[in-house]
Amino acid sequence: MRPTRDSMKPVLKWAIAALAALQLPLLTPSAARADETINSFECRTSDGVNFTVALSNGGEESDPIIVWTSDAFTRAGYPPARRCEDVTERFNTLLRDNGNSLERLYLTVGRVNRQSVVCAVNSTRLGCNAENVLFTLSNSQQTPNEVMASLSARTTGTSIQESGGMPYVNLQQLVNNLFQR
């Protein structure tokens, strides 16, 4: 018995849906900015302001990830320029240690040595410790949760994920969204 046109409609619908699903990643903007294109992070200075950016393999520069303006740590020997250099190097180490990829990396906040810090983890079940700190937050700055909210709010499509009451920002998504479109 030969299939009729009506009996083939459900199969055809599924085939079209499957084909469309396979093509969707090719059409989304974030797919064009996969993290394997991130080559490194650099500390830059413009008009006396220091900031950390990501660089793609093609030499494209992202918008600033962090702008270093607080003088809160200057008396301790960490003016904004030094913090920019030190933290940028931590981002590069993080990138190298994760196989030159930002995949499955998250920024979160916590306390280390009685100080509020931003750190990088590879699971939303992990927290900050002395080994994964990226930078210390000033007591006069925003609360740690406000810092996380401002990181995710600066870019479209990046959201804060909460796990166990702790905020997490997907680092790959954050960096990818900071490239000019």
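This passage describes the salt bridges of the structure, which is a predicted model. Five salt bridges are present in the structure, and three of them are set out below together with the exposure of the residues concerned.

In one of these pairs, the side chains of Arg44 and Glu61 form a salt bridge with an N to O distance of 2.1 Å. Arg44 belongs to strand E1 (residues 38-46), whereas Glu61 is located in the loop between strand E2 (49-56) and strand E3 (66-68), so the salt bridge ties together parts that lie 17 residues apart in sequence. Both partners are partly exposed, Arg44 having a relative accessible area of 25% and Glu61 a relative accessibility of 31%.

A further salt bridge links Arg82 to Asp86, with 3.4 Å between the closest N and O atoms. These two residues, Arg82 and Asp86, are four residues apart in helix H2 (residues 80-97), and are therefore separated by about one helical turn. Arg82 is partly exposed, at a relative accessible area of 40%, and Asp86 likewise counts as partly exposed, at 26% relative accessibility.

Glu89 and Arg96 also meet through their side chains in a salt bridge, for which the N to O distance is 3.3 Å. Glu89 is partly exposed, with a relative accessible area of 40%, and Arg96 is partly exposed as well, with a value of 48%. As for connections between salt bridges, Glu42, Arg44 and Glu61 are joined into one network by salt bridges that share partners.

Key
Residues are numbered from 1 along each chain as its sequence is written. This is a predicted model: local features need pLDDT of at least 70, side-chain atom pairs count only at pLDDT 80 or more; totals for chains, interfaces and linings use all residues. Side-chain values use heavy atoms; hydrogens and water are left out. A salt bridge is a side-chain nitrogen of Lys or Arg within 4 Å of a carboxyl oxygen of Asp or Glu. Buried means under 20% relative accessible area, exposed over 50%, partly exposed in between (1.4 Å probe, protein chains only).
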